[in-house]
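Q: Please take a close look at how charged side chains pair in this structure. I am new to it, so please also set those pairs in their surroundings and explain how buried or exposed they are.

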Amino acid sequence: MSEVISFVIQAAPPPRLDKALGRDVPEDASLSRSRLAKLIEKGAVTVDSVVITDPRHRVTEGAQIAVTVEVAQDSHIVGEDIPLEVVFEDDDLIVVNKPSGMVVHPAPGTPGGTLVNALIHHCGDSLSGVGGMKRPGVVHRIDKETTGLLVAAKSDRAHHHLAAQFAAHTVERRYLAICYGVPDANDPRLRGIKGTSFEPGNILKVQTFLGRHKTDRQRQAVSFTTGRHAVTRSRILQPLGMPPCAALIECWLETGRTHQIRVHMAHCGHSLIGDPVYGGRRKLSPKAVGEQGVAAVSAFSRQALHAATLGFTHPVTDEFMEFEAALPDDMQGLLRDLGGEV
């Protein structure tokens, strides 16, 4: 099944057909410019009843446009009735607070039980279609065991707009983490590690390339010659222990690479407590955190990392929106056991 969307090019159109369509197509069609470009190339667009297949075709004011769009098909991914903590939802997007243990997107090793399965069930017919398919548009991911905020698009238009914001690194993302040691500017060891520096306010900056580990394809590794550029900043919120031997830190991303915070903090010697891949098991001093603190660290079975703040421009209203999610119970408990304040 298909539908025809008809409209007229308004005054002073952009020189290219795809840009003109992107500006003037009705909002309720929820068609991004990239989707429109594909429809043009497919022969699904007519200008004054003539099929045009060149996205660069020059169009003039008053031209009659008809776009034939296939009705969005149901996704091959099956919706599953999995509880979700919805922080915000409207016709174009949904923000959720993901729990630990949930994979974001189905993969060969995890075909079900994912956030996408849950979103397809939860959103139902409110998914207007992303790329011609009734599915949520996942524009960023957080690791399976990492908790916190994640936004997904419900329409093609929102998906394109949000993806562009992530690509331009304009999305505000701040994480809370509990790490071994205290990443302080007064530590001369940190200043001697390649790729690390400090900015005013005792802000640690780690700047490297990140890429696949040479021998373990499940891991990421720091490089200074190959890979993708990655920048992480962090600051101390609470030193933990007497004397301090751990810290609650806030991290924010200039780039968003796989495992970025985990790899960068491990690179500078402050791996996250509980991280099974990059952290290792360190023995904290009972004199510093007490036997309860030592036991809590030993028992913490995931990386102590939480996506606490997410801010972006709404793809339709152009309003800047920011959301916050409190530390999950397990990280609150770890923080208390280490003598910190929640």
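A: In this predicted model, Arg189 is partly exposed, because its relative accessibility is 38%, a value between the 20% limit for buried and the 50% limit for exposed. The side chain of Arg189 forms a salt bridge with that of Asp187, with an N to O distance of 3.7 Å. Asp187 is likewise classed as partly exposed, at 21% relative accessibility. Side chains of opposite charge can pair in this way when their charged atoms come close. The count of salt bridges for the model comes to 14, and several others deserve attention.

A second pair consists of Arg233 and Glu199, whose closest N and O atoms are 2.9 Å apart. Arg233 belongs to strand 15 (residues 228-240) and Glu199 to strand 12 (residues 196-199), so this salt bridge ties together parts that are 34 residues apart in sequence. The two partners fall into separate classes of accessibility: Arg233 is buried, with a relative accessible area of 16%, whereas Glu199 counts as partly exposed at 25%.

A third pair is formed by Asp275 and Arg262, with the closest N and O atoms 2.8 Å apart. This pair links distant parts of the chain, since Asp275 sits in the loop between helix 6 and helix 7 (286-299) and Arg262 sits in helix 6, 13 residues away. Both partners are buried: Asp275 has a relative accessibility of 2%, and Arg262 has a relative accessible area of 4%.

Salt bridges also join into a network, which links Glu172, Arg174, Arg235 and Glu250. To see where part of this network lies, one may follow Arg174 through its bridge partners. Its partner in strand 17 is Thr309, and its partner in strand 16 is Trp252. Strand 11 (172-180) is joined to strand 17 by six bridges, and the two run antiparallel. Strand 11 is also joined to strand 16 (residues 246-253), again antiparallel, by seven bridges. Seven of the nine residues of strand 11 are buried, so this strand is largely enclosed by the rest of the structure. In a regular strand, side chains alternate between the two faces of the sheet.

Thr309 gives a further view of these surroundings. It lies in strand 17 (residues 305-313) and counts as buried, because its relative accessibility of 13% is under the 20% limit. Beyond its neighbours within four places in sequence, Thr309 is in contact with Leu149, Glu172, Arg173, Arg174, Glu322, Phe323 and Glu324. Two of these contacts, Glu172 and Arg174, are members of the salt-bridge network. Asp125, by contrast, is 29 Å from Thr309, C-alpha to C-alpha, and 184 residues away in sequence.

Strand 11 and helix 6 also have a part in the largest pocket. Along with strand 13 (203-212), strand 11 and helix 6 (260-267) each supply at least two residues of its lining. The volume of this pocket is about 1000 Å³. Its lining comprises 34 residues, and Arg141, Ile142, Asp143, Thr258 and His259 lie nearest its centre. By class, the lining holds 12 nonpolar, 12 polar and 10 charged residues.

For wider context, another part of the model contains an open sheet of four strands in the order 1-4-2-3, with antiparallel pairing. Its edges are strand 1 (2-8) and strand 3 (50-51), each of which pairs on one side only. Seven bridges join strand 1 to strand 4 in the antiparallel sense, and among the residues concerned, Ser2 has Glu70 of strand 4 as its bridge partner.

Helix 2 (residues 33-41) packs beside parts of this sheet. Its buried residues are Arg35, Leu36, Ala37, Leu39 and Ile40. These pack against helix 1 (17-24), strand 2 (45-47), strand 4 (64-70) and helix 4 (156-167). Just after helix 2, Gly43 adopts a positive phi of about 85 degrees.

Notes
Residues numbered from 1 in each chain as written. Predicted model: local features only at pLDDT ≥ 70, side-chain atom pairs only at ≥ 80, totals over all residues. Heavy atoms only, no water. Buried < 20%, exposed > 50% of the residue type's maximum accessible area, 1.4 Å probe, protein only. Contact = heavy atoms within 4.5 Å. 1 Å grid on protein atoms, 1.4 Å probe; cavity = no way out; pocket = protein on both sides within 12 Å on 5 of 7 lines; lining within 4 Å. Points joined across faces, edges and corners; volume = space filled by probe spheres on them. Nonpolar A, V, L, I, M, F, W, Y, C, P; charged D, E, K, R; others polar. Pairing = 2+ DSSP bridges. Salt bridge = Lys/Arg side-chain N within 4 Å of Asp/Glu carboxyl O.
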